[in-house]
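Colleague: I'm new to this one. Can you walk me through it?
Modeller: Sure. Here it is.

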Amino acid sequence: MLGLKGVHAHYGSAHILHGVGLEVQAGQIVCLVGRNGAGKSTTLKAIMGMVPPSEGEITFQGERIDGRAPHLIAGLGLAWVPEDRRVFGSLSVDENIKVAAQATRRSSAANARDALGFFPDLVPRAGQLAKNLSGGQQQMLAIARALASSPELLMLDEPTEGLAPNMVKAIRVGILESRERGVSILVVEQNLRLALSVGDVFFVLSRGTVVFQGTRDELQAAPEIISEHLGIGQARELSAWRE
Amino acid sequence: MNFFFVSVLNGVVYGCFLLLTSLGLSLVFGLGRVVNFAHGALYALGGYALIVGMHGAGAGYWPALILAPLLVVPVAILIERVAIFPIRHRPEIYTLLVTFGISFMIVGAIEYAFGTGTTLLPPPAPFVTTVDIFGNQYPVYRLLAAVVSLFVSAGVFAVILFTPVGLRIRAVTDDPGMAEALGVNTKWLLTLVFGCAAGLAAFAGALGAPIFAVHPEMGTNILLDSFLAVILGGLGNLAGSVIGAFVVALAKSIGGGYVTDWSIAVLFLVVAIALIFRPTGVFGRGRVA
C-alpha cells in the first residue's frame, strides 16, 4: 500500500532522513518508533509532501507520490494527524470535521458523522470552538477529522503524547476501531507499551535510518535494539509489557 | 448639531462603502499573508471599467456597475498568478513591494489610456435628488450606495460563514499548512479570493464613482483608509474589519468636519491610540509580525 525506498530529507542544510525505507501493507497497523530527533515526524511529513524528499521514492497504492502537493496526496487517501494536533481553533468541532470531509471528494456527510462517532466525547461538543477543547479532546478531534476524509491510510504522529490515561485508552480504542473499518495505520509512538498493544509491524528509526524492522514478537525478542535505540526506559516498558 | 449629524451620517455612509474594500483586503491577508498594495489601484480600475461600460460599450449605469468587477477580476487573477504566486511563501514584505509596484503600473496604464483628468459621473436618473433627513438635504444616491454596500458585504459574510468554500477559506486562514494536508488546494483558493477581493474593490470603485468622481489616483485614499480599518480590526479578522471600517470612516468624517486640515492626523491618532493598547488590532486575532 505505502512504500518508502531510500528516502532522504533535509530541513535547510540539516540532513534529517538518510535513506529511510519502510512499507505498510493494507489492513496493518505499523509502528514507527525511535528517540526524539530520530526523524519519525519528518518521515510522516515527507510522505505527506510537507517536507519534499531530496532523494528516494515514495509510492502509495502503486503510484509515485513524492514531489506531489500535499492536497493531491490527501486526495489519494492519505490522512495525517500531526504531533501538535493543529485543529482549526477558530472553527467548531463540526466544522473541523466538515473541512476534511469536503476537501477531497472522497468522503460524504455520512462519513463525517461516522468520524465524529468514533469518539463519543466529541458528539455533545459538536458546536464548540476547537480551541476551547482540552488537549485530549483536541487529539480526538484531530483523529476524527483525519478519518472524516475516508482515508485508506491514517498516519498518526505521537497521538498519546501528554494525555491522561483515560484519553490514551480512548485513542487506543479509536485506532483499533479504525483498523476494524478497513483503515491501515502508520503510527509514530513514544509510548512503547501502547505501540506494542496495537502494532503488527515495527520499524525502529535511529538518526534518520531504519535500524530494525519486524513483527511484535521479533521486536520483543530484540531487547538490545530497544535499549540501544529507544533507551533504558523503553526497555523497562518492554519488560512490563511482557509481564 | 445639524453639522454634527451630517458628519456622522457621512461617516456611516463612508463606513458602509469602506467595508467593500476592507473585507477584500482582510480576506487576502488572512488567507495568504499577502499585503496587497495594489488594492487601491484595482478600486480605481473599477471606476474606469464603469466608464468603459457606459461610454465605450454604451451600457446604462446599472449594467456597467455589474460589468465593472467582471472586467477587473480576470486582471486581478492574472496579477496573482504571474506576480504573487511565485513569491507567496516569502515574507510579507515581498508581496507588499511587488503589489506596490503593480499599483504604479496600473495607475500608469490608466493615465496612458484615459489621461490624468477627473471624470464626473452623475448618479443614475432616479437617484439624482436629495432627501430630507431631520432638516438636512442629503443625496439619495449616497444612501443607496451605503445600502448596496451593506447588502454586498452581508453577502460576503454569508459566503464565508455558510458555504463550503467559505469554510475552506476560514480553515486556510486558521492554518494553511494543515488545510492543505487535509486536501484543500490552498494555492487556487488564494487566487480565487484575490480575484473576488479585487472584484469587490472594483465594484466599490464603480459604485462610488458618482460620489467621489473618477481619476487615476482615486485609489490612494481608499487604500490608506482600508488598511487602517483592517489593521485596527486585526489583520485577517473579518468581523474586526467591519468595526475598523466604521471607526475609520467616523473618525475621518467627524474629525474632518471640525478640523479639516487635521483630518488625516485625527484618523492616525485614533488608530495609533487603539494600537498602543491592542497591538494586534482591537479584535485581536490578527498577527503583528
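Colleague: Which residues have the most contacts inside the largest nonpolar core?
Modeller: They are A:Ala144, A:Met155 and B:Ala202. That core has 163 residues. Keep in mind that the model is predicted.

Colleague: Which helix gives the largest share of this core?
Modeller: Helix α8 of chain B, residues 186-207. It supplies 14 residues.

Colleague: Back to A:Ala144. What does A:Ala144 touch?
Modeller: Leaving out residues up to four places away in sequence, A:Ala144 touches A:Ile97, A:Ala115, A:Leu116, A:Phe118, A:Phe119 and A:Leu122.

Colleague: How confident is the predictor in the complex?
Modeller: It gives an ipTM of 0.89 and a pTM of 0.88. For chain B, the mean pLDDT is 89. In that chain, 97% of residues reach 70 or more.

Colleague: Now the contact between the chains. How many residues does each chain put in?
Modeller: Chain A puts in 20 residues and chain B 16. On the side of chain B that touches chain A, α6 (164-174) and α7 (176-181) of chain B each supply at least two residues. The largest share of that side comes from α6(B), with 6 residues.

Colleague: What's that side made of, by class?
Modeller: The side of chain B that touches chain A has 8 nonpolar, 5 charged and 3 polar residues.

Colleague: New topic: the sheet in chain A. What is the strand order?
Modeller: The order is β6-β7-β8-β3-β9-β10. The sheet is open, with 6 strands and mixed pairing. Its edge strands are β6 (78-81) and β10 (209-215) of chain A. From one strand to the next, the twist averages 15°.

Colleague: In which sense do β7 and β8 of chain A pair?
Modeller: Parallel, over 5 bridges. Strand β7 covers residues 153-157 and β8 covers 184-188. A:Leu154 stands opposite A:Ile185 in β8(A).

Colleague: Which helix lies across β3, β7 and β8 of chain A?
Modeller: Helix α6 of chain A, residues 165-180. This helix runs at about 150° to β8(A).

Colleague: Last one, A:Ser107. Where does A:Ser107 lie?
Modeller: In the loop between α3 (93-103) and α4 (109-117) of chain A.

Colleague: Is A:Ser107 buried or exposed, and why?
Modeller: A:Ser107 is buried, because 22 other C-beta atoms lie within 10 Å. The cut-off for buried is 20 or more. Not counting residues up to four places away in sequence, A:Ser107 touches A:Ala101, A:Ala112, A:Ala148, A:Ser149 and A:Ser150.

Note on methods: Residues are numbered from 1 along each chain as its sequence is written. Chains are lettered from A and ligands numbered from 1 in the order in which they are written. This is a predicted model: local features need pLDDT of at least 70, side-chain atom pairs count only at pLDDT 80 or more; totals for chains, interfaces and linings use all residues. A nonpolar core is a set of buried Ala, Val, Leu, Ile, Met, Phe, Trp, Tyr and Cys residues joined through C-beta atoms within 7 Å. A residue is buried if 20 or more other C-beta atoms lie within 10 Å of its own, exposed if 12 or fewer, and partly exposed in between; C-beta atoms are placed from the backbone. Helices (H or I, at least four residues) and strands (E, at least two) are DSSP runs, numbered from the N terminus. Two residues are in contact if their C-beta atoms, placed from the backbone, lie within 7 Å. Ala, Val, Leu, Ile, Met, Phe, Trp, Tyr, Cys and Pro count as nonpolar, Asp, Glu, Lys and Arg as charged, and the others, Gly among them, as polar. Two strands pair if DSSP finds at least two bridges between them. Axes are lines fitted to C-alpha atoms, for helices over the stretch in contact, and angles run from 0 to 180 degrees between N-to-C directions. pLDDT is the predictor's confidence in each residue, from 0 to 100.
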